[in-house]
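Good morning, colleagues. Please look at the sequence and the structure as they appear on the screen, and I shall take you through them.

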Amino acid sequence: GSHMTLRIRTIARMTGIREATLRAWERRYGFPRPLRSEGNNYRVYSREEVEAVRRVARLIQEEGLSVSEAIAQVKTEPPRE
């Protein structure tokens, strides 16, 4: 269906953010928020999460925001349609 979930490895490739970095963000900031897949309990991410990670990466790279600022901004700002 439309509910596509993606593995962390895929997210890393799509966003250019290393897996270790994504895990560190998750630990420190509770972002991104993966779902745990049933059964084998690996992290899976929705399209929305990927988009949010992309936006955070862009804010850090292009706007020079710190990680915490970028994440805070993306969390409070609703995703663009």
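Pro 32 sits in the loop between H2 and S2, and please bear in mind throughout that this is a predicted model. The peptide bond that leads from Phe 31 to Pro 32 is cis, with omega near -5 degrees. As general background, most peptide bonds are trans, and most residues other than glycine have a negative phi. On the subject of phi, Gly 30, which follows H2, has a positive value near 65 degrees. A positive phi is also found at Gly 16, just after H1, at about 75 degrees.

Let me now place these elements in the whole chain. The protein chain contains 4 helices and 3 strands. In sequence order, their pattern is β-α-α-β-β-α-α. The radius of gyration is 12 Å, close to the 12 Å that the globule rule gives for 81 residues, so the chain is as compact as a globular protein of that length. The C-alpha trace spans about 40 × 30 × 20 Å along its principal axes.

Of the 81 residues, 40% count as buried. The accessible surface amounts to about 5500 Å², and carbon and sulfur atoms account for 46% of that surface. If we take the contacts between residues at least 6 apart in sequence, 45% of them join residues at least 24 apart.

I turn next to the two helices that precede those glycines. Which residues of H2 are buried? In H2, which covers residues 19-29, they are Leu 22, Ala 24, Trp 25 and Glu 26. These buried residues pack against helices H1 (8-15), H3 (47-63) and H4 (67-76), and against strands S2 (35-36) and S3 (43-46).

In H1, the buried residues are Ile 8, Thr 10, Ile 11, Ala 12 and Thr 15. Their cover includes strand S1 (5-7), together with H2, S3 and H3. In general, an α-helix has 3.6 residues a turn, so residues three or four places apart point the same way. Arg 9 also lies in H1. Is Arg 9 buried or exposed? Arg 9 has a relative accessible area of 55%, and because the cut-off for exposed is over 50%, this residue counts as exposed. Arg 9 and Glu 26 are 17 residues apart along the chain, and their C-alpha atoms are separated by 15 Å.

Glu 26 brings us to a further arginine, Arg 43, whose place is in strand S3. With which side chain does the side chain of Arg 43 make a polar contact? The partner is the side chain of Glu 26, at 2.7 Å. Leaving aside residues up to four places away in sequence, Arg 43 touches Leu 6, Arg 7, Ile 8, Arg 23, Glu 26, Pro 34, Leu 35 and Arg 36. By contrast, Gly 16 is 18 Å from Arg 43, C-alpha to C-alpha, with their positions 27 residues apart in sequence.

Arg 7, one of the residues that Arg 43 touches, deserves a word of its own. Arg 7 lies over the face of Tyr 42, at 3.5 Å from the ring centre. How many aromatic pairs does a search of the whole structure find? The search finds 0.

To close, I would return to the cis peptide bond from Phe 31 to Pro 32 and to the polar contact between the side chains of Arg 43 and Glu 26. Thank you for your attention.

Notes. Residues numbered from 1 in each chain as written. Predicted model: local features only at pLDDT ≥ 70, side-chain atom pairs only at ≥ 80, totals over all residues. Heavy atoms only, no water. Phe/Tyr/Trp six-rings, centres within 6.5 Å; stacked < 30°, edge-to-face > 60°. Lys NZ or Arg CZ within 6 Å of the ring centre and 35° of its normal. Helix = DSSP H or I, 4+ residues; strand = E, 2+ residues; numbered from the N terminus. Rg over C-alpha atoms; globule rule 2.2 N^0.38 Å. Buried < 20%, exposed > 50% of the residue type's maximum accessible area, 1.4 Å probe, protein only. Contact = heavy atoms within 4.5 Å. Areas by Shrake-Rupley, 256 points an atom, 1.4 Å probe, with all protein chains shown as cover. Polar contact = N/O pair within 3.5 Å; in protein donor to acceptor, adjacent residues only side chain to side chain.
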